Amino acid sequence: MKTVFSYAKPYKFLIAIALSLMLLELTVELLQPLVIAKIIDDGILAGDRNQIIEYGIILMGLSAIAFLSGVVNSYFASHVSQSFSFDLRKVVYARIQSFSLATFNRFPASGLITRLTSDVNLVQQVLFMSLRIMLRAPLLVIGSIAMAFVVNAQLAVYLVIVFPVLSVFLYVMVKKGVSHFSFVQQRLDQLNRMVQENLQAVRLIKAYLRGKHESNRFSGVADSLKIDTVKAFRVMEIILPILLFGMNLSLLAVLWFGAFEIRQGSAEIGELVAIVNYAMRMTGAFSMFSFIIMAFARAKSSSERIEEVLLAEDVREKDEHGEDNMLHRGAVEFDGVSFAYPGTDRLVLKNISFSLKANEKLAIMGATGSGKSTLLQLIPRFYDATDGMVKVHGSDVQKWKLRTLRKTIGIVPQQSMLFTGTISGNLSWGKEQSEQSELADAAVKAQIHDTVMRFPDGYNTRVGQKGVNLSGGQKQRLSIARALVRKPSVLILDDSTSALDVKTEAALWQELERENATMLMVTQKIRTAMKADRILLLEDGEISAYGTHEQLLKASSLYRQIAFSQQEQEVDEYV
Ligand SMILES: Nc1ncnc2c1ncn2[C@@H]1O[C@H](COP(=O)(O)OP(=O)(O)OP(=O)(O)O)[C@@H](O)[C@H]1O
């Protein structure tokens with residue numbers, strides 16, 4: 001909890017004000033029974049009207065102070081807790097953004113969403129409660145005991161007799177509560193993951209008529225959440241009755257022995273009333289305890305989950321070269337590279353070596369799962385090679401400042417991803433502060449300009465939710481344009497033209513060939529691959545063949561098979 005609550009430090013002055021007001025409210029509250037005792041003993045029983053009026057005015061003044069401090073304390077408590085949760089959320093989000101892919105993959109996306117939403121909310125609630133009632137309740141209990149001893153020590157002893165037992169009981173319950181609520185948050189993660197998956201796959205679910213099946217699956221997860229939440233609350237629910245039972249026993253003892261002592265003359269009626277009053281206030285504070293313990297237990301497990309993100313070990317960027325050192329801008333080289341995904345032993349790339357000079361174009365082919373995407377991911381350092389060296393612009397990628405390296409690379413992923421917003425916004429996402437003419441230029445090259453101009457709002461057309469629905473091929477071309485806007489010296493296309501027709505792809509290729517960029521392009525089509533300077537054929541993570549189309553036709557039986565099967569297919573389609 002320490003790390004999470006350290007983000008409340010900037011508000012320590014406001015927290016101090018809120019706590020001071022809380023203490024003032026508490027002090028006033030503790031003085032009230034004393035004044036009531038005075039009204040009874042010195043006013044009512046002594047028949048002194050003036051004393052009643054005097055102490056009555058004091059009592060009203062104290063109530064007014066308590067009321068005002070309560071209101072102002074509430075204002076500061078909510079201001080501080082809201083600002084704290086805003087800061088915390090920002091820090092956690094920035095931390096997630098800074099993760100390397102290997103670290104990012106350790107957390108399921110749904111778990112990160114829960115941490116940013118529900119977990120931060122729970123911690124914020126606890127800070128608010130700390131400033132309002134969390135400290136006030138235990139202090140009220142301690143203060144009431146102290147005041148009871150001031151009023152009449154003998155009677156006060158009966159009030160505290162059950163305390164040791166109640167304290168042990170509370171400690172055990174807090175421990176239980178924390179572990180139960182950590183389960184609840186994990187269930188919430190599962191539920192979020194399920195909702196996320198289902199919403200993304202809504203078309204698939206409809207097409208396969210799996211709506212009912214998915215609803216049942218959802219009910220199952222929601223049911224587990226309910227069961228675990230009920231279990232956690234059950235633990236909490238027994239706290240209050242047991243605390244009240246203990247307090248009522250003390251109260252009974254105070255009344256029983258109090259009456260006896262008044263008869264003996266060792267206690268006054270006003271004193272007994274004051275102590276009963278303190279006992280009632282303590283009972284009220286205790287009734288808040290179960291609520292506080294529950295909030296604390298939830299916040300403890302939530303803050304631990306948030307700290308998992310904040311304190312996660314991550315690959316640090318190295319910062320040895322600057323942009324000025326780009327002697328071989330655009331050159332890409334793999335030197336004996338092998339790679340296993342973090343946390344696994346299986347090498348998905350084995351001893352890969354090849355080199356590209358600036359502006360050369362490489363087509364990468366291979367069966368599904370042969371390691372094509374993995375190979376590309378090593379270039380912008382999404383992952384680091386397990387063995388061997390990846391060089392970009394003539395230097396080991398691990399020596400580049402990550403920002404500098406990635407600035408020079410344009411990536412078009414296998415699955416096109418557009419953000420909610422305008423087409424312009426999506427294109428300029430590739431390069432901040434780009435001119436409209438640069439966006440249009442990239443769109444022309446990516447063969448999407450004419451399509452955009454046919455939309456009524458042109459480049460201001462909104463995409464995503466509440467915007468136009470784009471076809472798979474249109475999305476792919478916009479993704480390519482977004483990469484081109486960056487004017488990258490290394491362009492990576494991961495099977496990003498799969499949805500394009502032959503004519504559009506040929507036109508796109510013509511443009512890309514002229515582009516001043518080294519290009520690595522995963523493709524399944526021989527027609528596309530043969531236009532590249534060289535082709536790299538991957539088989540089960542190893543280079544099976546490397547060279548020009550003609551060289552591979554001669555040297556690789558696998559390449560010949562692919563070439564002939566695609567030729568036959570084309571003839572079939574033509575017939
Ligand atoms: N994040 C990951 N963690 C562990 N293994 C992975 C991960 N991503 C991919 N793999 C494994 O690495 C191997 C290569 O995957 P990769 O995605 O590079 O293949 P690919 O040739 O691009 O396939 P496709 O053509 O289907 O996209 C596969 O066996 C895959 O199961």
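**Close-up views of a predicted model**

**View 1. Four strands make an open sheet in this predicted model.** Reading across the sheet, the strand order is β2-β1-β4-β5, and the pairing is antiparallel. At the edges sit β2, covering 349-356, and β5, covering 395-396, each of which pairs on one side only. As a reminder, strands of a sheet pair through backbone hydrogen bonds, in either a parallel or an antiparallel way.

**View 2. Here we look at the pairing of β1 with β4.** Strand β1 spans residues 332-339 and strand β4 spans residues 387-392; the two run antiparallel and are joined by five bridges. To find your way in this view, start at Asp335, whose bridge partner in β4 is Met389.

**View 3. The ligand is shown with its surrounding shell of 13 residues.** The closest of these are Tyr341, Thr368, Lys372, Ser373 and Thr374. Helix α13, made of residues 372-377, is the element that gives the most to this shell, with three residues. Sorted by class, the shell holds ten polar residues, two nonpolar ones and one charged one.

**View 4. Two stretches that an unreviewed UniProt entry lists under "transmembrane region" are shown here: residues 53-76 and 156-174.** The same entry also lists residues 238-258 and 278-297 under that name. In the model, residues 53-76 are 100% helix and 0% strand, with 35 Å between the end C-alpha atoms. Residues 156-174 are 89% helix and 0% strand, and their end C-alpha atoms lie 27 Å apart.

How values were computed:
Residues are numbered from 1 along each chain as its sequence is written. This is a predicted model: local features need pLDDT of at least 70, side-chain atom pairs count only at pLDDT 80 or more; totals for chains, interfaces and linings use all residues. UniProt positions are given in the numbering used here, feature names are shortened, and annotations may be inferred rather than shown by experiment. Two strands pair if DSSP finds at least two bridges between them. A residue is near a molecule or strand if its C-beta atom, placed from the backbone, lies within 6 Å of it. Ala, Val, Leu, Ile, Met, Phe, Trp, Tyr, Cys and Pro count as nonpolar, Asp, Glu, Lys and Arg as charged, and the others, Gly among them, as polar.
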